[in-house]
Amino acid sequence: MIKVTKVEIPGLPASRKRRMYVYTPKDYDKSDRRYPVLYMFDGHNVFYDKHATYGKSWGMKEYLEKTKMPIILAAIECNPDGLERLSEYSPWDIKLPRHDLVKGRGKLTMDWITGVMKPEVDEAYRTLPDRENTLIAGSSMGGLMSIYAAVEYNDVFSRAAALSPSLWVSKRGMAELIRSSDIAAPTMVYMDMGSAEAAEAKTLRMPEAMFNTAKLLAEKGADVAARIVPGAVHNEAAWEKRIPVFMDYLFGKNE
């Protein structure tokens, strides 16, 4: 079952209310079991093609129903207005060619997710609220934010998946954040990137940035998986194919 509500985020105004999605397993109402929670960015792209920006979702509903994975998945929609997604999904300011400085408001976003969204989910649903059962995932800018969340909000999240993370935003900022942070055990981070993603990713040395980020995280004691996916491009259809890989990793089926 997927419950969809509309919410507002103080400090991050949008032209319309955002959709918040909460998936619960099929047997949720038939037991008193408690569940881990996976939080995801770009909630409109997670479940429904009709809600997705480009008409194709990740297909998480189909995957979870097919595998009968016992988790709750909570996803929040981004602000689609102009460059607001970049702003909300970046911990650092961004200077784009032919644009004014984009103010990084990623901290505000994460403060709301951890301070408002998570407590509300924990109150409304039978969750396992401890850090070992709280995960986060996203792609592109959402991937950048997932790594940021795993480091800066390490007391909340123990596991993260970052598909095609937009580390171009501030490779230096991410490196400095990791070096200056204490990372508790266990912490698991999955990262990947398609070999056929945009040429700009190669120009910006994104594969190198991803593996450098993985190295820094590992040096801090995190369990890290990072890989290049042959032939994969930068879109939801490509990320959908990687769901079994990162979910198996995060939930321990690789052990």
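**A sheet, its helices and two cores**

In this predicted model, a good place to start is Met110, which, leaving aside its neighbours within four places in sequence, is in contact with Phe41, Gly115, Ile136, Met145, Tyr148, Ala149, Tyr153 and Phe157. Met110 also belongs to the largest nonpolar core, a group of 57 residues. Within this core, the members that touch the most others are Met110, Met117, Phe157, Met174 and Leu217. Helix H4 gives the most to this core, contributing eight residues. A second core, separate from this one, has 27 residues, among them Leu64, Ala161, Met188 and Met247.

We can now turn to the sheet. Strands of a sheet pair through backbone hydrogen bonds, and the pairing can be either parallel or antiparallel. Here, eight strands form an open sheet with mixed pairing, in the order E1-E2-E4-E3-E5-E6-E7-E8. At its edges are strand E1 (2-7) and strand E8 (223-229), each of which pairs on one side only. From one strand to the next, the twist averages 15°. Strand E5 (residues 134-139) and strand E6 (residues 159-163) offer an example of parallel pairing, over five bridges. One residue of interest here is Ser139, whose bridge partner in E6 is Leu163.

Helices pack on this sheet too. Helix H4 (residues 141-152) touches E5, E6 and E7, and its direction makes about 150° with that of E5. Helix H9 (residues 243-250) lies across E3, E5, E6, E7 and E8, and runs at about 165° to E7.

Two loop residues complete the picture. Ile183 is found in the loop between helix H5 (171-179) and strand E7 (188-194). Ile183 counts as buried because its relative accessibility is 13%, and the cut-off for buried is under 20%. Leaving aside its neighbours within four places in sequence, Ile183 is in contact with Val151, Asn154, Leu217, Lys220 and Ala222. One of these partners, Leu217, was met above among the core members that touch the most others. Along the chain, Ile183 and Gly194 are 11 residues apart, and their C-alpha atoms are separated by 27 Å.

The other loop residue is His51, which lies between strand E3 (37-40) and helix H1 (60-67). With a relative accessible area of 19%, His51 is buried, so His51 too falls under the 20% cut-off. Its contacts, again leaving aside neighbours within four places in sequence, are Arg19, Tyr21 and His44.

Definitions and conventions. Residues numbered from 1 in each chain as written. Predicted model: local features only at pLDDT ≥ 70, side-chain atom pairs only at ≥ 80, totals over all residues. Heavy atoms only, no water. Helix = DSSP H or I, 4+ residues; strand = E, 2+ residues; numbered from the N terminus. Buried < 20%, exposed > 50% of the residue type's maximum accessible area, 1.4 Å probe, protein only. Contact = heavy atoms within 4.5 Å. Pairing = 2+ DSSP bridges. Axes fitted to C-alpha atoms, helices over the stretch in contact; angles between N-to-C directions. Core = buried A, V, L, I, M, F, W, Y, C linked by side-chain atoms within 4.5 Å.
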